[in-house]
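Here is a short walk through one structure. Keep the 3D view open while you read.

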Amino acid sequence: FEVFPPKKTSPVETVYKTLDALKDLKPDFISVTYGAGGSENCETTLDIVNRIKNVCGVESASHLTCTYLTKKDATKVLETFRANGVENILALRGDKIEGRTPCGDFIHASDLVNFIKEFDEEHKDGTFNILGACYPEGHPTSPSIISDIQSLKIKVDAGVTHLMSQLFFDNSYFYDFLEKVKIAGINVPIEAGIMPVVNRKQIERMVNVCGVALPKKYSAMMEKYGDNTEAIRDAGIAYAIDQIVDLVSQGVDGIHLYTMNNPYVAKKINDAVRSLF
């Protein structure tokens, strides 16, 4: 599962109800997104990560984006994570923000992976397990899927032990991607990222940001039910369940469910597919 911190105007406790509901579903781990703004998000992220691990009794993983992170800030964050028992880090480049200049210390996620590995070697305790992201349809800024997989190989070779995919709505892209990464010599576990989209605005934003393809049957579903809040929610849940059933039958390494902090949707999907695992 994946959750994200609340907006700055909301207290961190607003996400705790989501966590309390998700823990009963017994996921392997819950990841927490991390904003792009330097190290100022570290405290909120830590509150949530600690809640997941120490109160919910579930393994946790913290995202860490590096585009707007200096090496000095990265060291500070890693020291804080280490002091608080954070063991799993999802190392990400992060999306670029219009009107804001990247720090330039980290150009690619692989640069952050190397930095974390160097930090570990300096402290001689191997604190961190590093996870990475992958893109079944190619990263939006990559010139081609082959180029993107070549970059992914660099990231994995740098020290990533586990990959979680960007969301997708057509499983054939994921299967094709798995064949290509295997040929490239990438052999770490790859979890399929599934996002149950429950409203029209959400899907329009995701398609715009991530550049994912929409199958005809998905577009037809959005067209028919998009203006009915309850209907599109239930249709989105059903579509995600159908994706997961197919993925599990094909031997997928795991499912990473983007919950959007919605425990109702997560529970409905979990109840439908739990017996498959």
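A residue counts as buried when its relative accessible area is under 20%. The model is predicted. With that cut-off in hand, start with two rings. Both Phe106 and Phe115 are buried.

Now turn to the aromatic pairs. The structure holds six of them. Phe106 and Phe115 make up one such pair. Their ring centres lie 5.3 Å apart, and their planes meet at 85°. That makes the pair edge-to-face, because planes over 60 degrees apart count as such.

Phe174 and Tyr175 form another edge-to-face pair. Here the centres are 6.4 Å apart, with 65° between the planes. Are these two residues buried or exposed? Phe174 has a relative accessible area of 1%, so Phe174 is buried. Tyr175 has 23%, so Tyr175 is partly exposed. Phe168 joins Phe174 and Tyr175 in one aromatic cluster.

A ring can also meet a charge. Arg51 lies over the face of Tyr16, 4.3 Å from the ring centre.

Next comes the nonpolar interior. The largest nonpolar core has 65 residues. Which of them touch the most other members? They are Leu19, Phe81 and Leu163. Helix 9, residues 229-249, gives this core its largest share, six residues.

Look at Leu19 again. Leaving aside neighbours within four places in sequence, Leu19 is in contact with Val3, Ile30, Ile48, Arg51, Ile52 and Cys56. Arg51, then, touches Leu19 and also lies over the ring of Tyr16.

Another core lies apart from the largest one. This other core has 15 residues, among them Met195, Ile203, Ile232 and Tyr239.

Methods. Residues are numbered from 1 along each chain as its sequence is written. This is a predicted model: local features need pLDDT of at least 70, side-chain atom pairs count only at pLDDT 80 or more; totals for chains, interfaces and linings use all residues. Side-chain values use heavy atoms; hydrogens and water are left out. Rings of Phe, Tyr and Trp (its six-membered ring) pair if their centres lie within 6.5 Å; planes under 30 degrees apart count as stacked, over 60 as edge-to-face and the rest as tilted. Buried means under 20% relative accessible area, exposed over 50%, partly exposed in between (1.4 Å probe, protein chains only). A charge sits over a ring if NZ of Lys or CZ of Arg is within 6 Å of the ring centre and within 35 degrees of the ring normal. A nonpolar core is a set of buried Ala, Val, Leu, Ile, Met, Phe, Trp, Tyr and Cys residues joined through side-chain atoms within 4.5 Å. Helices (H or I, at least four residues) and strands (E, at least two) are DSSP runs, numbered from the N terminus. Contact means heavy atoms within 4.5 Å.
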